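Trainee: I should like to request a close look at one part of this model, namely the salt bridges, followed by some account of their surroundings.

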Amino acid sequence: MPWRNVGSLSCFRIFGVAFQVVSQTGPQLSSVTSDCLLPINFPLIDHQNQEDQKDSRMREVQLGSHTLRSHGVAVARIHMHDWCIVLLLVLTEIILNTIHPFYRFVGKDMMTDLRFPFKENTVPIWAVPIYAGLLPIVIFLFIYWRRRDVYDLHHAILGLLYSLLITGVITDAIKVAVGRPRPNFFWRCFPDGKDVYDALGDVICHGDASVIKEGHKSFPSGHTSWSFAGLGFLSLYLSGKIQVFDQRGHIAKLCIVFLPLLFAALVGVSRVDDYWHHWQDVFAGGLLGLVVSTFCYLQFFPPPYHSQGWGPYAYFRVLESLANPPPQPANAANVRNEQDVERQTENDEDDRRSNGRFIGLSTDTNSRSTMEETETERK
């Protein structure tokens with residue numbers, strides 16, 4: 001049988017002696033136990049990942065040499081076209097908000113699900129840019145104050161703006177194209193409660209034009225998509241900075257990461273409670289914001305579970321370029337060598353001329369001194 005191995009039995013026989021040796025000499029394996037006991041392998045522990053984390057921490061020490069003052073303008077110039085696209089997205093968002101949405105047919109029998117009260121927003125529209133845009137930027141600035149990495153700050157702000165603006169453009173474009181009525185559409189269309197329909201059964205609204213216009217923008221939820229776009233990006237950013245997936249099992253890190261997502265989910269719930277959106281609108285808006293924020297984050301940063309997920313791609317490219325400078329071409333090296341040779345020959349010629357002058361001066365002085373000595377002797 002396999003367990004009846006002579007070698008293994010001999011090891012067990014002398015294991016007591018080996019244990020005594022270990023207990024007497026200290027926490028070191030004796031030669032007997034090292035020969036008998038095989039090395040234990042833990043497949044669930046990623047030792048390579050731990051080494052990568054140590055290497056990343058060593059590289060993180062080199063932070064602080066690329067700040068806003070030293071490299072801010074250069075980084076902005078490299079991404080000048082990206083900032084131009086940001087301005088283009090802002091212009092597109094403004095145009096989409098001025099376009100009238102599609103006014104779809106709304107019959108009398110459809111009013112059953114559209115008679116909910118016309119309430120005020122629990123989360124006003126002006127608050128969305130504050131918690132979805134300004135709050136993440138404040139956190140980005142705080143991390144920059146601690147680490148002094150201009151690449152991290154620039155790419156975080158640019159990625160956040162891309163996430164918000166792309167989500168806003170997609171959301172408003174779908175809103176205009178679909179034109180789904182809100183749950184409170186009846187009171188928007190008929191503020192006095194008296195509904196009027198044409199010969200085809202479509203509504204003839206006599207409410208405020210701007211209120212009716214907003215009543216046809218239910219799908220998807222803009223509050224929810226913007227919340228998940230900004231706070232979802234912040235959640236991914238924090239998960240990379242605090243290294244949530246470092247295989248150490250700190251649940252507190254997950255709580256920090258889930259906190260922005262919880263707030264975004266509560267904003268979506270408030271849209272249903274205020275009867276401004278159907279639940280399908282909120283679900284689609286949250287999914288849209290999460291997908292766009294994930295794409296925008298991965299455009300500038302490694303995945304959060306990566307060993308280098310704490311920094312942007314640009315920072316590691318700079319480190320690599322500093323560690324491995326590009327080789328100079330052979331022609332440039334030859335030209336430089338020729339220039340060095342020419343400079344050396346010129347310096348040698350100057351030294352020879354200067355030495356010749358000093359020698360001439362010394363010979364003149366020596367000849368004068370000898371002539372004076374001979375004249376004195378004659379006298």
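Which residues are linked in a network of salt bridges?

Mentor: The network of salt bridges joins Arg 182, Glu 214 and Lys 217. A salt bridge here is a side-chain nitrogen of Lys or Arg within 4 Å of a carboxyl oxygen of Asp or Glu. The model is predicted, with local features requiring pLDDT of at least 70 and side-chain atom pairs pLDDT 80 or more, while totals for chains, interfaces and linings use all residues. Residues are numbered from 1 along each chain as its sequence is written, and side-chain values use heavy atoms, leaving out hydrogens and water.

Consider the pairs of the network in turn. Arg 182 meets Glu 214 through their side chains, with an N to O distance of 3.6 Å. This pair connects distant parts of the chain, 32 residues apart: Arg 182 sits in the loop between H8 and helix H9 (185–189), whereas Glu 214 belongs to helix H10 (residues 209–215). Helices are DSSP runs (H or I, at least four residues; strands are E, at least two), numbered from the N terminus. Glu 214 also forms a salt bridge with Lys 217, where the closest N and O atoms are 3.8 Å apart. Glu 214 thus has a bridge to Arg 182 and another to Lys 217.

The accessibility of the three partners completes this picture. Arg 182 is classed as buried because its relative accessibility is 4%, on a scale where buried means under 20% relative accessible area, exposed over 50% and partly exposed in between (1.4 Å probe, protein chains only). Lys 217 is buried as well, since its relative accessible area is 6%. Glu 214, by contrast, counts as partly exposed because its relative accessibility is 31%. The network therefore joins a partly exposed Glu 214 to a buried Arg 182 and a buried Lys 217.

The structure holds 5 salt bridges in total. Another of them is formed by Asp 246 and Lys 253, whose closest N and O atoms lie 2.9 Å apart. Asp 246 is buried because its relative accessibility is 6%, and Lys 253, at 18%, likewise counts as buried.

Burial can also be followed along a single helix, and H13 serves for this purpose. Helix H13 (residues 279–300) contains 22 residues and spans 33 Å from its first C-alpha to its last, close to the 32 Å expected at 1.5 Å a residue; the expected value is 1.5 Å times one less than the number of residues. Its buried residues are Asp 281, Val 282, Gly 285, Gly 286, Leu 288, Gly 289, Val 292, Ser 293, Cys 296, Tyr 297 and Phe 300. These residues lie on the same side of H13 because they cover an arc of only 165° around the axis, taken from the directions between the helix axis and the C-beta atoms. On the other side of H13 the exposed residues include aromatic side chains, namely Trp 279, Phe 283 and Phe 295.
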